[in-house]
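Good morning. I will take you through one structure today, a part at a time. Please have the sequence and the model open while I talk.

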Amino acid sequence: MSSCDDELKLVSRDFSVTLKSIDGNTAVVGKPINCTLTISDLDPDNGDQILTRFEVRDGDGVILVDNNEYSPGETFEYDFKANNRLDFDFIPATEGEAYIVMGVASELVTRSDSIKLKVSSPEINIRFQNVPDLMLVSEEAEFYLQLDTELYGVKASARFVKGSGRVYISGYDATRGEGVALEKKQPGDVPAGCDRAGGDRVYRFKPLRSASERECNDTSKSMRL
């Protein structure tokens, strides 16, 4: 027989979420923008599994959470009971308007919030260094591209408007496919193919025909041989 003093404890299954951009509502392609997702009124006795889902509307990009990268549509777990605020970086991949949508779902309740960002194209300052004045067909030479950027996920490609040849970056042919990823694993890291912070990328060029003008498309700047 139960005691009259026993009390029935009710557990709330409801909560709310708020998404904010700490760095404002403007962003640049490839540059991380800091955001926070805060959960409110989460009952500490709520034993439901809680999953967070990331989406982007009218744009594209990824988020970085505790050194982990997530693409749109991916879900992950975060301990909102230990810390009711999730800090993350959003790295936009396309210019224009983008809506970041963060959803938090328990077994019975789903709540979401969104923010609108205006994303612009990046400005990158580059210059070529140690470019030979004259080369022979099938002779290889190294040159450098000085790239000043803090962008995430930089890719470099090369194409020929005259002549033909190959341009290699970190052992990969930059004239094939979508180019060579020079990605930073985290903002502030030195990208692959750089010999120091600030961005000296080593290119190896082998002309296959004469009269070659090569265009390296980090920012579509060209140089002539």
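Start with F80. Its relative accessibility is 4%, so F80 counts as buried, the cut-off being under 20%. Before going further, note that this is a predicted model.

F80 has an aromatic partner, Y78. The two rings sit 4.9 Å apart, centre to centre, with 70° between their planes, and the pair is edge-to-face. Is Y78 buried or exposed? Y78 comes out at 19% relative accessibility, so it counts as buried, given that the cut-off is under 20%.

How many aromatic pairs does the structure hold? There are three. Another of them is Y70 with F76: the ring centres are 4.4 Å apart and the planes meet at 25°, so this pair is stacked. The cut-off used there is under 30 degrees for stacked and over 60 for edge-to-face. Both Y70 and F76 are buried.

Next, the strands. Five of them form an open sheet, and reading across it the order is β1, β3, β8, β5, β6, with antiparallel pairing. Which strands are at the edges? They are β1, residues 16-21, and β6, residues 68-70, and each of these pairs on one side only. From one strand to the next, the twist averages 30°.

Look at the β1 end of that sheet. β1 pairs with β3, which covers residues 33-40, through six bridges in the antiparallel sense. If you want one position to find on screen, take T18, whose bridge partner in β3 is T38. As a general point, side chains in a regular strand alternate between the two faces of the sheet.

There is more strand pairing to look at, this time around β10. Strand β9, residues 96-105, pairs with β10 in the antiparallel sense, over 10 bridges. A hairpin of four residues joins β9 to β10. Within that pairing, A98 stands opposite L117 of β10. β10 itself spans residues 110-120 and also pairs with β2, residues 26-28; three bridges join them, and here the strands run parallel. In that pairing V28 stands opposite S120 of β10.

Now the inside. The largest nonpolar core has 30 residues, and the members that touch the most others are F88, F90 and M102. Which elements give two or more residues to this core? They are β1, β3, β4 (51-57), β5 (61-65), β8 (85-92), β9 and β10.

F90 is worth a closer look. Leaving out residues up to four places away in sequence, F90 touches K31, P32, I33, C35, F54, V56, D60, G61, V62, I63, I100 and L117. You will recognise L117 as the residue that A98 stands opposite. A second core lies apart from the largest one and has seven residues, including A156, A158, V167 and V180.

Last topic: charged side chains. Side chains of opposite charge can pair when their charged atoms come close. How many salt bridges does a search of the whole structure find? It finds five. I will go through some of them.

In one, the side chains of D48 and R13 meet, with N to O at 2.7 Å. D48 is in the loop between β3 and β4, and R13 is in the segment before β1, so the pair ties together parts that are 35 residues apart in sequence. D48 counts as buried, with 9% relative accessibility. R13 is partly exposed, with a relative accessible area of 31%.

Another salt bridge joins R111 to D14, and their closest N and O atoms are 3.0 Å apart. This one links distant parts of the chain, since R111 is in strand β10 and D14 in the segment before β1, 97 residues apart. R111 is partly exposed at a relative accessible area of 33%, and D14 is partly exposed at 37%.

The last one I will mention is R85 with D87, whose side chains meet at 3.2 Å, N to O. R85 has a relative accessible area of 39% and is partly exposed. D87, at 34% relative accessibility, also counts as partly exposed.

To go back over the main items: an open sheet of five strands, a hairpin from β9 to β10, a largest nonpolar core of 30 residues, three aromatic pairs and five salt bridges. That is the end of my part.

Definitions and conventions: Residues are numbered from 1 along each chain as its sequence is written. This is a predicted model: local features need pLDDT of at least 70, side-chain atom pairs count only at pLDDT 80 or more; totals for chains, interfaces and linings use all residues. Side-chain values use heavy atoms; hydrogens and water are left out. Two strands pair if DSSP finds at least two bridges between them. Axes are lines fitted to C-alpha atoms, for helices over the stretch in contact, and angles run from 0 to 180 degrees between N-to-C directions. A nonpolar core is a set of buried Ala, Val, Leu, Ile, Met, Phe, Trp, Tyr and Cys residues joined through side-chain atoms within 4.5 Å. Buried means under 20% relative accessible area, exposed over 50%, partly exposed in between (1.4 Å probe, protein chains only). Contact means heavy atoms within 4.5 Å. Rings of Phe, Tyr and Trp (its six-membered ring) pair if their centres lie within 6.5 Å; planes under 30 degrees apart count as stacked, over 60 as edge-to-face and the rest as tilted. A salt bridge is a side-chain nitrogen of Lys or Arg within 4 Å of a carboxyl oxygen of Asp or Glu.
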